[in-house]
Amino acid sequence: MVSRRNVMKAGATAGAAALVTTTAAAAARGSTPSATPAHGAHTGHGKTAHVAAATAPFAVRMPIPPVQQPIASVANTDFYVVSTRKAQVEILPGTRTEVLTYDGLFPGPTFRVKTGRLAVIAHSNHLDMPTAVHVHGGHTPSSSDGFPTDVLDPGKSRLYSYPNKQRAATLWYHDHAHHMEAEHVFRGLAGFYLIDDPAQAELRLPSGNHDIPIMLRDARFADDASLVFEHDDFQFRNTILVNGKPQPYFPVAARKYRLRFANASNLRTFTLRLGNDAEVAQIASDGGLLARPTPIRSWSLTPGERIEIVVDFGAFPVGSQIFLDDAVAGPVLRFDVNRATADTSRVPDRLSTIPALPAATKERAFTLNFNPSTGQFLINGQQFDAGRVDTEIKRNTTEVWTVTNGDTLFGIPHNFHPHLVQFRVLDRNGQPPAPGEAGVKDTIAVGPGETVRLQATFGPYLGRYVYHCHMIDHSASGMMAQMKIVP
């Protein structure tokens, strides 16, 4: 098991870790620069804030979050420093909005790491409230998983260790401090965490400047451009942000691009299509590459889910404007094909081998439901209690979990996300998973009355983790439970 003590064992590594700790301590002192049917739908219909409605569409370029660089690298370990603090940023053109950020960026900086290489990140909290950092989809020791009550207090710093001993994948990180996670993520505490595998270079998928992370979310603004957070506000968060900007454009060459989408919304599900239902190739889901590319014309993402597609903009004439449309919000992003270029990338017929899982030794069932008499969101009839272990699991055993959305009366959607592990979808409502869900997942949509069966092997780390609905206004209201991995 990776721990702070293990990280510090080697002399050279300890020296680099000391550098990280010293820098983090300086950062902590502030000296480092740097329900109704509408409820069930969660579609976001409702009044749009005046200031957002006045924003001209496609007037700003979509930014790409900068990649965080390590401050030191020793042997098989990279060391990073990041601080959590408030910042005034331009989201709506010509205005400033106070947000919560990692390193002053909205969204936060992208961590781009390599599979099998340890990343040690020193986090400093400059906010006036506790935080808890969680790498969503990460196979992480419990001490670095961001357990909701294992918080980093204001003015403090700590090290988080990420072994990255897993498949290359598009992950993301966000705050997970219980009861505050919904507001903290809404106000900006989220960013990409990308795991690369150098062995995948032989696939010749689009890379470098043609590998684009795109974080989608919704927001609600007051007339003074400030963010308005109300718990379970599925109606009025009607401004869609793409990498932190409303309806941006992005120039592309007439060639293939790898687009990595993450849904960082609290409640909104996106159903997307490109142009006039142009066909694209889905190459990956939450946990990395699919076995083979899947042609799709639309794709849905519930909060927390990711998808990777390859788009060949060479199929469109130079000068074309291609819109990314959401089924509810309409156009959210415009791609401008502005130049011709050579392209040696490809989408091979075979992408990866999906790892097999051992036979399951135990089955469990979980029901997600809303209690209208108390206003609580529950798992198996219980609200989250950090002092109660709901599920005890022996390390390295494989289980099948049946997850049911019991909210048929109000039609409330949910999804399901366990920490520590990724899983395979066995079936949905008794039917085999669609090709896009047949790979490795860590977040799964569960519509009203639906049942999905999942299979996962729990390990290699011991300790306590949570599983919850990732419509995080729901988990902040109690739709979360604790599992403990034991020897």
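A residue is called buried here when its relative accessible area is under 20%. The model under discussion is predicted, and that cut-off is applied to it throughout. Asp-218, with a relative accessible area of 6%, is therefore buried.

Asp-218 is a suitable starting point for the charged contacts. Its salt-bridge partner is Arg-268, and the closest N and O atoms of the two are 2.9 Å apart. Asp-218 belongs to strand E10 (residues 211-219), whereas Arg-268 sits in the loop between strand E14 (256-263) and strand E15 (270-274); the pair therefore ties together parts that are 50 residues apart in sequence. Arg-268 has a relative accessibility of 3% and so counts as buried.

A second salt bridge spans a longer stretch of sequence numbering and involves a helix. Arg-237 and Asp-473 form a salt bridge in which the closest N and O atoms are 3.1 Å apart. Because Arg-237 lies in the loop between E10 and strand E11 (239-242) and Asp-473 lies in helix H6 (residues 472-476), this contact ties together parts that are 236 residues apart in sequence. Arg-237 and Asp-473 are both buried.

These contacts belong to a wider set, for the structure holds 27 salt bridges. Some charged residues are joined in a network: Arg-112, Asp-196, Asp-211, Arg-258, Arg-260 and Glu-308 are linked by salt bridges in this way.

Attention may now turn to strand E25 (residues 397-405). Eight of the nine residues of this strand are buried, so E25 is largely enclosed by the rest of the structure. Strands of a sheet pair through backbone hydrogen bonds, in either a parallel or an antiparallel sense. E25 runs parallel to strand E22 (residues 362-371), to which seven bridges join it. Within this pairing, Phe-366 has Val-403 of E25 as its bridge partner. With strand E29 (residues 451-458), E25 pairs in the antiparallel sense over eight bridges. There, Val-400 stands opposite Gln-455 of E29.

Side chains add further contacts between E22 and E25. Glu-399 forms a salt bridge with Arg-364, the closest N and O atoms being 2.6 Å apart. Glu-399 is in strand E25 and Arg-364 in strand E22, 35 residues apart, and the pair thus links distant parts of the chain. Glu-399 is buried, with a relative accessible area of 2%, and Arg-364 is buried with a value of 17%.

An aromatic pair connects these two strands as well. At 3% relative accessibility, Phe-366 counts as buried, and Trp-401 is likewise buried, with a relative accessible area of 3%. Phe-366 lies in strand E22 and Trp-401 in strand E25, so the pair ties together parts that are 35 residues apart in sequence. The ring centres of Phe-366 and Trp-401 are 4.6 Å apart and their planes stand at 50 degrees, so the pair is tilted.

Aromatic contacts also occur elsewhere in the model, and the count comes to 22 aromatic pairs. Among them are Phe-313 and Phe-316, whose ring centres are 6.4 Å apart and whose planes lie at 45 degrees, so this pair is tilted. The two residues fall into separate accessibility classes: Phe-313, at 0% relative accessibility, counts as buried, while Phe-316, at 21%, counts as partly exposed. Seven residues, namely Tyr-80, Tyr-102, Phe-111, Tyr-160, Tyr-162, Tyr-173 and Tyr-193, form one aromatic cluster. Of these, Tyr-160 also receives a charged group, as the charged end of Arg-158 sits over its ring, 4.5 Å from the centre. A further contact of this kind involves Arg-464, whose charged end sits over the ring of Phe-147, 3.9 Å from the ring centre.

The last element to consider is an open sheet. Five strands form it in the order E24-E31-E30-E26-E28, with mixed pairing. Strand E24 (391-394) and strand E28 (444-446) stand at the edges with a single partner strand each, so one side of each is left without a neighbour in the sheet. From one strand to the next, the twist averages 30 degrees. Within this sheet, strand E30 (residues 463-468) and strand E31 (residues 480-486) pair in the antiparallel sense over six bridges. Val-466 has Gln-482 in E31 as its bridge partner.

Methods. Residues numbered from 1 in each chain as written. Predicted model: local features only at pLDDT ≥ 70, side-chain atom pairs only at ≥ 80, totals over all residues. Heavy atoms only, no water. Buried < 20%, exposed > 50% of the residue type's maximum accessible area, 1.4 Å probe, protein only. Helix = DSSP H or I, 4+ residues; strand = E, 2+ residues; numbered from the N terminus. Pairing = 2+ DSSP bridges. Salt bridge = Lys/Arg side-chain N within 4 Å of Asp/Glu carboxyl O. Phe/Tyr/Trp six-rings, centres within 6.5 Å; stacked < 30°, edge-to-face > 60°. Lys NZ or Arg CZ within 6 Å of the ring centre and 35° of its normal. Axes fitted to C-alpha atoms, helices over the stretch in contact; angles between N-to-C directions.
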